[in-house]
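Open the structure in your viewer and set it to cartoon. The stops below go from the whole chain to single residues.

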Amino acid sequence: NCMPWSNASVPCRFELRPSRWLIGAMVLLSVLAPLAVLGSAMPRWMAWPMAVLGTAAGLRMAWREGTLPVLGVVVGADGVAAIGGTPVEVFRVDWRGPLAFVAWRAADGRLHRRSLWPDTLSSAARRELRLAVRERVDGQVPPSMAP
């Protein structure tokens with residue numbers, strides 16, 4: 001009596017926003033990096049400038065990550081994506097466990113990359129994204145082991 005569900009025509013919508021977990025990890029590493037340099041056998045006259053530069057570079061990277069704009073992403077059922085309301089030419093998602101790495105080529109030809117951490121994309125949204133960008137193969141099953 002149940003009607004079959006079909007989400008083939010429903011687009012996947014989510015927001016690309018900076019991850020607080022990633023920013024926290026960057027800040028933590030920028031604090032621990034000078035301790036590692038100063039604890040090494042490097043001469044002190046080289047270790048102190050390197051420790052200061054390492055801290056500054058890490059904090060700058062964390063600041064840049066935190067100031068990235070929030071972008072709305074819509075992936076249609078046909079795999080065509082629009083980011084920030086603008087259609088993109090190439091849209092790719094790579095998965096590494098719970099992390100997703102999104103790359104796209106804008107209309108101006110520039111390649112953009114962002115990461116989606118578990119604090120920025122819920123498990124339901126991750127499932128929707130996996131379904132929206134799944135590999136479209138021509139019926140061939142990949143081999144189960146190397147030749």
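The tour starts with the overall fold, moves to a sheet and ends at a surface patch.

**Whole chain.** Keep in mind that this is a predicted model. Colour by secondary structure: the protein chain has 3 helices and 7 strands. Followed from the N terminus, its elements run β-α-α-β-β-β-β-β-β-α. Of its 147 residues, 27% count as buried. Among contacts with a separation of 6 or more, 54% are between residues 24 or more positions apart. Switch on the surface next: the accessible area is about 10600 Å², and carbon and sulfur atoms account for 63% of that.

**The open sheet.** Select β1 to β4. These 4 strands form an open sheet, ordered β1-β2-β3-β4, with antiparallel pairing. β1 (12–16) and β4 (86–87) are at the edges with a single partner strand each, so one side of each has no neighbour in the sheet.

**β1 and β2.** Zoom in on residues 71–75, which make up strand β2. Strand β2 runs antiparallel to β1, and 5 bridges join the two. Show F14 as sticks, then look opposite this residue for V73 in β2.

**Helix α3.** Add residues 123–132, which form helix α3. This helix lies across β1 and β2, at about 120° to β1.

**Nonpolar patch.** Select V27, L28, V31, L32, L35 and L59, which make a nonpolar surface patch of about 510 Å². Which helix gives the largest share of the patch? Helix α1 (residues 20–38) does, with 5 residues. Finish on L32, in helix α1; L32 is partly exposed, at a relative accessible area of 41%.

Note on methods. Residues are numbered from 1 along each chain as its sequence is written. This is a predicted model: local features need pLDDT of at least 70, side-chain atom pairs count only at pLDDT 80 or more; totals for chains, interfaces and linings use all residues. Side-chain values use heavy atoms; hydrogens and water are left out. Patches are made of residues with over 30% relative accessible area and no salt bridge: like charges are joined within 9 Å, nonpolar side chains (Val, Leu, Ile, Met, Phe, Trp, Tyr) within 5 Å. Accessible areas come from the Shrake-Rupley method with a 1.4 Å probe; for residues, only the protein chains shown count as cover. A salt bridge is a side-chain nitrogen of Lys or Arg within 4 Å of a carboxyl oxygen of Asp or Glu. Buried means under 20% relative accessible area, exposed over 50%, partly exposed in between (1.4 Å probe, protein chains only). Two strands pair if DSSP finds at least two bridges between them. Contact means heavy atoms within 4.5 Å. Axes are lines fitted to C-alpha atoms, for helices over the stretch in contact, and angles run from 0 to 180 degrees between N-to-C directions.
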